Amino acid sequence: MTPYGLAPTDPDVPHATHPLLPPQGHAGPDAPGPLLTAGEAADVYALSEHHVLRRYRRGEDASREFALMRHVAAHGFPVPAVQHLGGPDLLMERLHGPTLLQALAAGELSLHQGAALLADLHRRLHAIAAPTGGVVIHLDLHPGNVILSEPRGPVLIDWANARGGAAPLDVAVTALILAEVAVDAGGDYSQAARALLAAFVGAVDEPLLPSLDEAMDMRCHDPALVAGECDLVAPAGALVRAFAELAAHR
Ligand SMILES: Nc1ncnc2c1ncn2[C@@H]1O[C@H](COP(=O)(O)OP(=O)(O)OP(=O)(O)O)[C@@H](O)[C@H]1O
Ligand SMILES: [Mg+2]
């Protein structure tokens, strides 16, 4: 029996999830199943009601990400159950439900509830020691990477950036991501993002100011950053600083 009860011959896993997966390519007859979404770095395919395949388009190795997801799962942290298939492929539990971003946009959750949920995920994650030292940090913990699963509650996905490190850096990165949306005047969500940021900064335990410069540096050098987004990092950093100083004086 392989981890998570998924033997290669498990009748619940369609033929395409067999270790001999079809060659890479995100559409057409070679696709392992219907394409759910094409993200910046990876394609996510629905294999069945219960499984998705996340495949790095440029062939990056997913084994480090897999090991970390298994590590936090073993500590009770909410992640999709994963089984690595090798190379760029991660087979995982398919979650059903809106992302936190979709739920906030639909008014199903208040901004305060959303901020509290993000702060709680940080708190729980940072209680887990990383195998490489420090605590586990996700470094992309934003509302688009939280799926509100019907039976499981909030589940954190997209562990591509995760590693061992210092908790305040993780908090600073989340604050910065929210602030980038807030300072993007043309964006639809800028007002809501500003309120979410203020609530998040008020809800977190860790001081984020000591790690803000490092977070800004990281965000500007993130290869996943959309063109022009780096221009938002400086004003976003200033906004985070202002809110963090306000919160510190409360
Ligand atoms: N386990 C899962 N169950 C159901 N849907 C999933 C699962 N994992 C990922 N998805 C879907 O695929 C999308 C992209 O996943 P993920 O964030 O891991 O990839 P990404 O390449 O980083 O994408 P992005 O650039 O959009 O962040 C998610 O927003 C979600 O809609
Ligand atoms: Mg993502």
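Colleague: Why does Thr37 count as partly exposed?

Modeller: The relative accessibility of Thr37 in this predicted model is 46%. Buried requires a value under 20% and exposed a value over 50%; 46% meets neither condition, and Thr37 therefore counts as partly exposed.

Colleague: Where does Thr37 lie, and with which residues is it in contact once its neighbours within four places in sequence are left aside?

Modeller: Thr37 belongs to strand β1, residues 35-38. With those neighbours set aside, its contacts are Ala42, Asp43 and Val44. As for Arg54, it is 17 residues from Thr37 in sequence, and the two C-alpha atoms are 9.6 Å apart.

Colleague: What makes Thr174 count as buried?

Modeller: Its relative accessibility is 0%. The limit for buried is under 20%, and Thr174 is therefore classed as buried. Thr174 is placed in helix α4, which covers residues 167-183.

Colleague: Which backbone atom does the side chain of Thr174 reach, and what makes the pair a polar contact?

Modeller: The side chain reaches the backbone oxygen of Leu141 at 2.8 Å. A polar contact needs N or O atoms within 3.5 Å, one able to donate a hydrogen and the other to accept it, and 2.8 Å satisfies the distance limit. Apart from neighbours within four places in sequence, Thr174 is in contact with His122 and Phe200 as well as Leu141.

Colleague: His122 belongs to α3. How do you know that α3 and α4 are roughly antiparallel?

Modeller: Their packing angle is about 160°, and their axes are 11 Å apart. An angle over 145 degrees counts as roughly antiparallel, and the two helices are therefore given that description. The contact joins Leu118, His122 and Leu125 of α3 to Asp170, Val171, Thr174 and Leu178 of α4. The crossing of α3 past α4 is right-handed.

Colleague: What is the pattern behind such spacings along a helix?

Modeller: With 3.6 residues a turn in an α-helix, residues three or four places apart point the same way.

Colleague: How does the span of α3 compare with the expected one, and which of its residues are buried?

Modeller: Helix α3 runs over residues 111-125, which is 15 residues, and its first and last C-alpha atoms are 21 Å apart, close to the 21 Å expected at 1.5 Å a residue. Its buried residues are Gly114, Ala115, Leu117, Leu118, Ala119, Leu121, His122 and Leu125.

Colleague: Why are α4 and α6 called oblique to each other?

Modeller: The axes of α4 and α6, the latter being residues 212-220, cross at roughly 60° and come within 9 Å. Roughly parallel needs an angle under 35 degrees, and roughly perpendicular begins at 65; 60° falls in neither range, and α4 and α6 are therefore oblique. This crossing is right-handed. On the α4 side the contact involves Leu169, Ala172, Val173, Leu176, Ile177 and Glu180, which meet Leu212, Glu214, Ala215, Met216, Met218 and Arg219 of α6.

Colleague: How do you know that His138 is buried?

Modeller: The relative accessible area of His138 is 0%, against a limit of under 20%, and His138 is therefore buried. His138 is found in the loop between β6 (135-137) and β7 (146-149). Beyond its neighbours within four places in sequence, His138 has contacts that include Leu125, Asn145, Asp158, Trp159 and Asp170. Asp170 is 32 residues away in sequence, yet the C-alpha atoms are 6.5 Å apart. The side chain of His138 also reaches the backbone nitrogen of Asp140 at 3.1 Å.

Colleague: What makes the phi of Leu139 worth noting, and is that residue buried or exposed?

Modeller: Phi of Leu139 is near 65°, a positive value in a residue other than glycine. Most residues other than glycine have a negative phi. Leu139, in the loop between β6 and β7, has 3% relative accessibility and therefore counts as buried.

Colleague: Why is Asp158 called partly exposed?

Modeller: Its relative accessibility is 21%. Buried means under 20% and exposed over 50%; 21% lies in between, and Asp158 is therefore partly exposed. Asp158 sits in the loop between β8 (153-156) and β9 (163-165), and its phi is positive, about 60°, although it is not a glycine.

Colleague: What is the overall make-up of the protein?

Modeller: The protein has seven helices and nine strands. Of its 250 residues, 46% count as buried. Among contacts with a separation of 6 or more, 63% join residues 24 or more positions apart.

Conventions. Residues numbered from 1 in each chain as written. Chains lettered and ligands numbered in written order. Predicted model: local features only at pLDDT ≥ 70, side-chain atom pairs only at ≥ 80, totals over all residues. Heavy atoms only, no water. Buried < 20%, exposed > 50% of the residue type's maximum accessible area, 1.4 Å probe, protein only. Contact = heavy atoms within 4.5 Å. Expected span 1.5 Å × (residues − 1). Axes fitted to C-alpha atoms, helices over the stretch in contact; angles between N-to-C directions. Parallel < 35°, antiparallel > 145°, perpendicular 65-115°, else oblique. Left-handed = near helix turned anticlockwise from the far one by under 90°.
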